[in-house]
Amino acid sequence: MSKETIARDYANDLIFELEKAMWDERGKGGRFRLTTLGREFYRAKCRPRLQGRPDIEGIVATVLATLKENGITETLKVEQDGRLLKLRIGGCLHRPVEERMMARETKPFACVPANLVVLAIDEVLNRPAELAELKLEAGCCQALLVLFDERTT
């Protein structure tokens, strides 16, 4: 292990403990306190790669490339249905955190890859977006995002 990295299990244990503490304190409202989780990673790694004004698929492709290069996820697929974006996230290193939450009968409510997409859509397209639901499926997580109208000011 290099001096610049820590063990994945250790990091996920800490994330789980922080996420569980947030749930214990705020319940479902915790989701709205964790929407910026990943913001510094976004600013440092994703934002510089978002050139011009990409569309949603371009944003997702950029976020995926960044996540893959950093060993965070293997796949990130998007399907849009009007104001709804369905993200399918595969091979995420944080999946064990969400599995532990489920084992404690707590629905998953935080997702860094989804947050990165939300941050990019908000900044690049000037459209607020929100993580509405997170489900664990066989082999992937599914995040449902709601898109709002572009800001006029």
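The following exercises, with worked solutions, concern the sheet, a buried loop residue and the salt bridges of a predicted model.

Residues are numbered from 1 along each chain as its sequence is written, and side-chain values use heavy atoms, with hydrogens and water left out. In this predicted model, local features need pLDDT of at least 70 and side-chain atom pairs count only at pLDDT 80 or more, while totals for chains, interfaces and linings use all residues.

**Exercise 1. The sheet**

Determine the order of the strands in the open sheet, and state which strands stand at the edges.

*Solution.*

Step 1. Helices (H or I, at least four residues) and strands (E, at least two) are DSSP runs, numbered from the N terminus. Two strands pair if DSSP finds at least two bridges between them.

Step 2. Strand S2 (residues 84-90) is joined to S4 by seven bridges, and the two run antiparallel. Within this pairing, Lys86 has Leu144 of S4 as its bridge partner.

Step 3. Strand S3 (residues 129-137) pairs with S4 over eight bridges, in the antiparallel sense. Here Ala129 has Leu147 as its bridge partner, and Leu131 stands opposite Leu145. Two residues lie between the strands of this hairpin, where Gly139 takes a positive phi near 80°.

Step 4. The order of the four strands is therefore S1-S2-S4-S3, with antiparallel pairing. Strand S1 (75-81) and S3 stand at the edges; each has a single partner strand, so one side of each is left without a neighbour in the sheet.

Step 5. On average, neighbouring strands of this sheet are turned by 20° against each other, direction ignored. Axes are lines fitted to C-alpha atoms, for helices over the stretch in contact, and angles run from 0 to 180 degrees between N-to-C directions.

**Exercise 2. A residue in a loop**

Establish where Leu50 is found, whether Leu50 is buried or exposed, and which residues Leu50 is in contact with beyond its neighbours within four places in sequence.

*Solution.*

Step 1. Leu50 is located in the loop between helix H2 (39-46) and helix H3 (56-69).

Step 2. Buried means under 20% relative accessible area, exposed over 50%, and partly exposed in between (1.4 Å probe, protein chains only). Leu50 has 11% relative accessibility and so counts as buried.

Step 3. Contact means heavy atoms within 4.5 Å. With neighbours within four places in sequence set aside, Leu50 is in contact with Tyr42, Ile59, Thr62, Ala120 and Val124.

Step 4. One of these contacts, Thr62, lies in helix H3. Thr62 counts as buried because its relative accessibility is 16%.

**Exercise 3. Salt bridges**

Describe where the partners lie in the salt bridges Glu40 with Arg43 and Arg47 with Glu123.

*Solution.*

Step 1. A salt bridge is a side-chain nitrogen of Lys or Arg within 4 Å of a carboxyl oxygen of Asp or Glu. A search of the whole structure finds ten.

Step 2. In the pair of Glu40 and Arg43, the closest N and O atoms are 3.0 Å apart. Because these residues are three apart in helix H2, about one helical turn separates them. Glu40 is exposed at 53% relative accessibility, whereas Arg43 is partly exposed at 36%.

Step 3. Arg47 and Glu123 meet through their side chains in a salt bridge of 2.6 Å, N to O. Arg47 lies in the loop between H2 and H3 and Glu123 in helix H5 (residues 112-125), so this pair ties together parts that are 76 residues apart in sequence.
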